[in-house]
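Good morning, and thank you for coming. I would ask you to keep the sequence and the structure in view while I speak.

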Amino acid sequence: QSGTESNWRKRHTESIIEEMNKEGYEVLYRNGFMNQDRQIQDMRTFIAYKVDMIVFTPIVEDGWDAVLLEAKDAGIPVIVVDRHIRTAEENLYLTHIGPSFKAEGNRAGLYITNHFQNSSQTSIKILEMRGLAKTSSANFRSEGFTEVISRDSRIAIVASLEGDYIRSKAKDVFRNYIEENGWIDIDVLYSHNDEMTLGILEVMKESGIVAGQDIIIVTIDGQAEMIENLRAGKVNCVVECNPNAGWYVRNTIKRYLKGNPIPNEIYMPETVFSDKGNLESIPPREY
Ligand code: AHR
């Protein structure tokens, strides 16, 4: 696993371990603490242990070729979960199982274009709080969002800041930004994950900004605490990122062991919750 930076991430880990246990597989777990070198070291440890399979959540997109080649040479299949990776050589891993981050960005953008559709405002300014640099989740969330908002020429991203998916980092970065630039010009906050949004909500409260009204807030993940904020009107749209990869991983491993063909990409279903929908019907969250 890449780390424990969010409740989302903790649920992602639990979901995989739970489903592996149901199958009676022995799970060896390592936490990379958001450090790629450490994750590579963890993979080498598993290769040395001669495990039967590695399920791996990459912290960033690039830099995995050498260790994946070592796993391949050792005959250990690797399943990549959550974020995507980019390798120079093909067939270094069995499959990728995760969310469509681009679709998440599209959904976030769609909420904004719909929200301002009938507004007489001539310019709509967005502050984007990006997730960790060099990750497919942050890159695709930006790409998908920009693709949709660019259909309305009034809407523009005026600042794109990096919060690394971490609450305290986003809190500091947002506070510094509004101290230097003020917030009155910001119409929308687009935040790549709930943890960062929670940090920003604290700064908004301290600064007298009425979250969800003075600034429209769109956030990604769907943690229980954020659904409460949506119900309370403090955020406007929560784009779900599904952490429950476990069942898909389990099913893929079973199919693989039976000799069935495995697709290169397995996408997990996701939805969106917003103040335009029925907030009472949102299923309980386990993260
Ligand atoms: O890669 C998925 C993202 O990583 C989740 O949105 C976020 O909460 C986590 O840190």
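I shall go through the sheets, one helix, the empty spaces and a few single residues. Please bear in mind throughout that this is a predicted model.

Let me begin with the sheets. Strands of a sheet pair through backbone hydrogen bonds, and the pairing is either parallel or antiparallel. One sheet here is open and has four strands, in the order E1-E2-E3-E9, with parallel pairing. Which strands stand at its edges? They are strand E1, residues 54–56, and strand E9, residues 265–267. Each of these has a single partner strand, so one side of each is left without a neighbour in the sheet. On average, neighbouring strands of this sheet are turned by 20 degrees against each other, with direction ignored.

Within that sheet, please look at strand E2, residues 78–81, and strand E3, residues 95–98. These two pair in the parallel sense, over three bridges. You can locate the pairing by finding Ile79, which stands opposite Thr95 in E3. The loop between E2 and E3 contains Asn91, and I shall return to that residue at the end.

The other sheet I wish to show is also open, with six strands in the order E5-E4-E6-E7-E8-E10. Its pairing is mixed. Strand E5, residues 155–162, and strand E10, residues 272–274, are the edge strands, and each pairs on one side only. From one strand to the next, the twist averages 15 degrees.

Let us consider two strands of this sheet in detail. Strand E7, residues 216–221, runs parallel to strand E8, residues 237–240, and four bridges join them. Val218 has Cys237 in E8 as its bridge partner, and Thr219 stands opposite Val238 in E8. Are the residues on the two faces of E8 buried or exposed? They are buried: Cys237 and Val239 on one side, Val238 and Glu240 on the other, so to speak a strand with both faces covered.

I turn now to a helix. Helix H4 covers residues 101–116, which is 16 residues. From its first C-alpha to its last it reaches 23 Å, close to the 22 Å expected at 1.5 Å a residue. An α-helix has 3.6 residues a turn, so residues three or four places apart point the same way. With that in mind, find the buried residues of H4 on your screen: Phe101, Glu104, Gly105, Ala108, Gly109, Tyr111, Ile112, Thr113 and Phe116.

Next, the empty spaces. Rolling a probe the size of a water molecule over the atoms shows where empty space is left. The largest pocket has a volume of about 740 Å³. Its lining consists of 28 residues, and those nearest its centre are Val27, Leu28, Met53, Ile54 and Val55. Helix H1 (7–22), helix H2 (36–49), E1 and H9 are the elements that each give two or more residues to this lining. By kind, the lining residues are 19 nonpolar, five polar and four charged.

How many cavities of 30 Å³ or more does the structure hold? There is one. The volume of the largest cavity is about 100 Å³. It is lined by 13 residues, of which Trp8, Arg9, Arg83, Arg141 and Tyr165 are the closest to its centre. H1 and helix H5 (136–149) each give two or more residues to the lining of this cavity. Here the lining divides into four nonpolar, three polar and six charged residues.

I shall close with three single residues. Trp247 lies in helix H9, residues 246–257. With a relative accessibility of 47%, Trp247 counts as partly exposed. Trp247 and Glu19 are 228 residues apart in sequence, and their C-alpha atoms are 5.9 Å apart in space.

The remaining two residues concern the backbone. Most residues other than glycine have a negative phi. Met34, however, has a positive phi of about 60 degrees although it is not a glycine. Met34 is placed in the loop between H1 and H2, and at 25% relative accessibility it counts as partly exposed. Asn91, in the loop between E2 and E3, likewise has a positive phi, near 60 degrees. Is Asn91 buried or exposed? At 61% relative accessibility, Asn91 counts as exposed, because the cut-off for that class is over 50%.

Terms used: Residues are numbered from 1 along each chain as its sequence is written. This is a predicted model: local features need pLDDT of at least 70, side-chain atom pairs count only at pLDDT 80 or more; totals for chains, interfaces and linings use all residues. Side-chain values use heavy atoms; hydrogens and water are left out. Two strands pair if DSSP finds at least two bridges between them. Axes are lines fitted to C-alpha atoms, for helices over the stretch in contact, and angles run from 0 to 180 degrees between N-to-C directions. Buried means under 20% relative accessible area, exposed over 50%, partly exposed in between (1.4 Å probe, protein chains only). On a 1 Å grid over the protein atoms alone, a cavity is a set of points where a 1.4 Å probe fits but cannot get out, and a pocket is an open set with protein on both sides within 12 Å along at least five of seven lines; lining residues have an atom within 4 Å of a point. Grid points are joined across faces, edges and corners, and a volume is the space filled by probe spheres set on the points. Ala, Val, Leu, Ile, Met, Phe, Trp, Tyr, Cys and Pro count as nonpolar, Asp, Glu, Lys and Arg as charged, and the others, Gly among them, as polar. The expected span of a helix is 1.5 Å times one less than its number of residues.
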